[in-house]
Amino acid sequence: MFIRSDFLPFSRPSIGPEDIEGVVAVLKSGWITTGPKTGEFEEAFRRYTGARFASSLTNGTAGMHLTLMALGIGPGDEVISPSLTWGSTVNLITLLGAKPVFAEIDRQTLMITPETVQRVLTGKTKAIIPVHYAGAPVDLDPFRELAEQAKVLLVEDAAHAVGTEYRGRKIGSSGTAVFSFHAIKNLTTGEGGMVVSDDQELIEKVSLLKFHGLAKDAWQRYSRRGSPQVEIITPGYKYNMTDIQASLGLTQLAKVDELNRRRAELAALYDRNLQGIEEILHPVPPQYPHAHSHHLYIVLLDLDRVTVGRDDFLSKLKERNIGTGIHFRAVHTQEYYRETVGTGRGLLPETEWVSDRLFSLPLFPFMQDKDVDDVCGAIADVVGEVRK
Ligand SMILES: Cc1ncc(COP(=O)(O)O)c(C=O)c1O
């Protein structure tokens with residue numbers, strides 16, 4: 001049996017000396033919450049994506065919460081999203097009192113399409129939230145046409161898409177997109193998020209809602225040039241990014257393209273090494289021009305060819321010191337949505353087929369080529385054991 005000498009996690013942040021120095025400088029500066037670094041990071045990220053406006057937050061979930069809230073999503077509205085996503089998006093639709101409606105995915109690309117969205121569009125649909133999955137972009141142009149025709153809002157879940165391009169333009173360069181800088185993301189601030197948009201009013205509302213609904217944040221109140229008066233304009237939350245996070249964001253942003261290039265190399269190596277293993281299936285990259293950010297390397301286990309289920313297969317990889325992830329278990333099959341919203345198995349056959357089979361292999365820029373060989377060696381070993 002092939003066993004790697006030490007455990008290889010499925011992800012690890014790319015923290016270098018420049019990230020550490022930047023954070024230490026902020027810690028020593030006397031100003032550690034929202035302040036000049038946060039403003040600098042917002043501006044740098046705005047420029048990087050080509051967006052017109054940007055607002056940073058504690059995490060991507062907070063960004064999606066305030067975006068949906070600022071757009072007026074609430075009771076009586078339906079919001080369409082994939083079920084193959086991280087649960088936060090669907091939870092937020094629910095928490096805002098709206099009804100989550102799931103669109104089916106394309107089994108090849110693992111993403112919802114304008115056609116599958118069209119099937120569940122009703123007079124009550126207020127917004128569509130496509131997910132740029134694993135680092136590939138959805139086919140944005142037809143999504144935009146559909147949204148315009150149906151007079152519904154389009155909010156892109158860009159949690160996996162820092163650096164992703166669609167037809168030569170970065171995700172976030174137009175429209176409204178919500179990014180995540182969670183620890184495993186291509187660019188991390190530990191936890192963090194950013195809403196970018198060409199809608200100035202939306203970004204202003206998000207910025208207001210993220211800090212108690214106050215007209216001024218702490219930097220504007222307590223810094224030398226600030227004034228301590230406050231005014232609540234609307235009741236808001238406390239979702240502001242700190243300068244500690246923003247410093248990390250700035251140093252990470254400076255190298256994210258290089259990090260993404262390394263991700264692409266590792267992904268290509270996986271493609272080559274896994275080619276002969278028929279039990280492992282691969283998603284098909286979108287056929288329109290795009291640049292993939294390789295946030296996740298997703299494969300599917302061909303259950304017709306093996307004697308175990310996906311979860312047992314992953315346990316066997318773990319026994320060989322290979323970590324994996326599941327991105328994602330379909331949201332509509334999870335307890336709350338089954339029991340309260342009345343969704344469940346049978347609703348989305350393609351999503352369920354994928355959700356039962358998919359898993360993510362280790363992929364992070366500090367990995368060595370040898371690590372990929374180890375993962376593929378372990379997969380070949382397990383496949384040899386469980387082949388029908
Ligand atoms: C597809 C997707 N959407 C939204 C989020 C939420 O982002 P955050 O963890 O920053 O709140 C995540 C991830 O973690 C995600 O993977």
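## Close-up views of a predicted model

**View 1. M194, a buried residue in a strand.** M194 has a relative accessible area of 0%, so it counts as buried (under 20%; exposed is over 50% and partly exposed lies in between, with a 1.4 Å probe and protein chains only). Look for M194 in strand β10, which covers residues 193-197 (helices are DSSP runs of H or I with at least four residues and strands are runs of E with at least two, numbered from the N terminus). If you then go looking for D312, you will find that 118 residues separate it from M194 in sequence, while their C-alpha atoms are 37 Å apart in space. This is a predicted model in which local features need pLDDT of at least 70 and side-chain atom pairs pLDDT 80 or more, while totals for chains, interfaces and linings use all residues. Numbering starts from 1 along each chain as its sequence is written, and side-chain values use heavy atoms, without hydrogens or water.

**View 2. The ligand and its surroundings.** Around the ligand there are 15 residues, of which G60, T61, D157, H160 and S180 come nearest (a heavy atom within 4 Å counts as near). Three of the neighbours place polar atoms by ligand oxygens: the backbone of G60 at 2.8 Å, the side chain of T61 at 2.5 Å and the side chain of K185 at 2.8 Å (N or O pairs within 3.5 Å count as polar contacts). Of the 380 Å² that the ligand exposes when taken alone, the protein buries 91% (Shrake-Rupley areas, 1.4 Å probe).

**View 3. R167, a loop residue with a positive phi.** Here the backbone of R167 takes a positive phi of about 45°, although R167 is not a glycine. Most residues other than glycine have a negative phi. To find R167, follow the loop that joins β7 (165-166) to β8 (169-170). Is R167 buried or exposed? With a relative accessibility of 41%, R167 is in between, so it is classed as partly exposed.

**View 4. Backbone details between α10 and α11.** The loop between α10 (310-319) and α11 (335-341) holds F328, and it is worth a pause at the peptide bond leading from H327 into F328, which is cis with omega near 10°. Most peptide bonds are trans. N321 lies in the loop between α10 and α11 too. What is the phi of N321? It is positive, at about 70°, although N321 is not a glycine.

Note on methods
A polar contact is a pair of N or O atoms within 3.5 Å; within protein, one must be able to donate a hydrogen and the other to accept it, and residues adjacent in sequence count only if both atoms are side-chain atoms.
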